[in-house]
Amino acid sequence: MDLGISGKKAIVCASSKGLGLGCARALAAEGVDLVMNARGAEALEAAAEDIRRDFGVRVTAVAGDITTEEGRAAVLEAAGEVDILVNNAGGPPPGMWSDWSREDFIKALDANMLAPIAMMQAVLPGMMARHWGRVVNITSQSVKAPIPVLGLSNAARAGLTGFVAGTSRQVAPEGVTINNLLPGIHATDRADALDAGVAKAEGISIEEARKRRQATIPARRYGTIEEFGAACAFLCSQWAGYIVGQNVLLDGGAVNSTM
Ligand code: NAP
């Protein structure tokens with residue numbers, strides 16, 4: 001299927017590795033020019049160079065922290081007019097509900113709620129003026145089914161989800177869609193770190209922790225960044241114009257619910 005987005009330009013935040021990289025590569029495969037971002041310049045430039053070589057699209061790499069105003073300003077300035085925005089950032093650390101301070105919450109809200117909202121506020125007016133735009137926010141399955149040790153994530157992402165639910169209906173008349181992709185466990189550094197945490201807490205190997213977690217997923221495996229990226233590219237396609245304000249689970253069936 002031709003997704004009909006060749007020649008468009010996308011910002012993909014937090015995209016030197018993992019799910020963001022999967023989205024960047026899938027968009028590039030469709031002929032989309034990219035502005036990629038991550039804090040670490042070296043890994044970012046390496047990922048950007050791979051994409052230039054593999055897909056022949058224009059890629060601008062902007063190193064910086066997307067959860068800060070300066071980081072966002074640098075990305076937005078480098079990008080100029082954009083057609084597609086993929087919001088992403090690192091996830092908050094696991095912990096215990098009784099231990100989190102106000103500062104911990106503010107950090108999580110900045111990264112996983114306020115940063116994506118600020119990026120949307122920056123690009124939506126231009127998309128609306130040009131009558132075409134796609135925004136995909138990478139959130140988490142925890143929006144549908146809470147993960148108790150990730151309470152900071154549960155809280156911040158719920159806030160973003162509420163914002164998107166209302167705002168997506170306000171921008172849809174201008175041909176702009178906003179949707180959220182909700183990853184279950186995918187094979188990335190983040191999943192490795194969470195498995196390492198479980199292994200340490202339970203005195204088992206990382207392989208054993210991974211095996212136990214895979215056994216809880218109906219698909220019996222972790223998702224891949226390629227699968228995730230393909231879903232993102234579809235939501236950014238010309239064919240997804242009637243998908244508005246949705247929360248799409250990519251979790252191998254892990255969230256056990258009828259709808
Ligand atoms: P990952 O493999 O650790 O990759 C994170 C990427 O984001 C890296 O490129 C990292 O590069 C960049 N990044 C992190 N913080 C950043 C910041 N403040 N500013 C700019 N770039 C930043 O993580 P992932 O597994 O792809 O996860 C992506 C998001 O999905 C996270 O919010 C995570 O909580 C969520 N999620 C993941 C899973 C999963 O199973 N993987 C499941 C549910 C939800 P630098 O470190 O160089 O900045």
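The following questions and answers introduce a predicted model of a protein with a ligand.

Local features in this predicted model need pLDDT of at least 70, side-chain atom pairs count only at pLDDT 80 or more, and totals for chains, interfaces and linings use all residues. Residues are numbered from 1 along each chain as its sequence is written, and side-chain values use heavy atoms, with hydrogens and water left out.

Q: Which residues come nearest to the ligand?
A: A residue is near the ligand if one of its heavy atoms lies within 4 Å of it. The shell around the ligand holds 28 residues, and those that come nearest are S16, L19, R39, A89 and T188.

Q: How many residues of the shell around the ligand are charged?
A: Asp, Glu, Lys and Arg count as charged; Ala, Val, Leu, Ile, Met, Phe, Trp, Tyr, Cys and Pro count as nonpolar; the others, Gly among them, count as polar. The shell has eight nonpolar and 14 polar residues, and its charged residues number six.

Q: What distance separates a backbone N or O atom of A89 from an oxygen atom of the ligand?
A: A polar contact is a pair of N or O atoms within 3.5 Å. A polar side-chain atom of D65 lies 2.8 Å from a nitrogen atom of the ligand. For the backbone atom of A89 and the ligand oxygen, the distance is 2.6 Å.

Q: What percentage of the residues of the protein count as buried?
A: Buried means under 20% relative accessible area, with a 1.4 Å probe and protein chains only. The protein has 259 residues, and the buried share is 46%.

Methods: Polar contact = N/O pair within 3.5 Å; in protein donor to acceptor, adjacent residues only side chain to side chain. Buried < 20%, exposed > 50% of the residue type's maximum accessible area, 1.4 Å probe, protein only.
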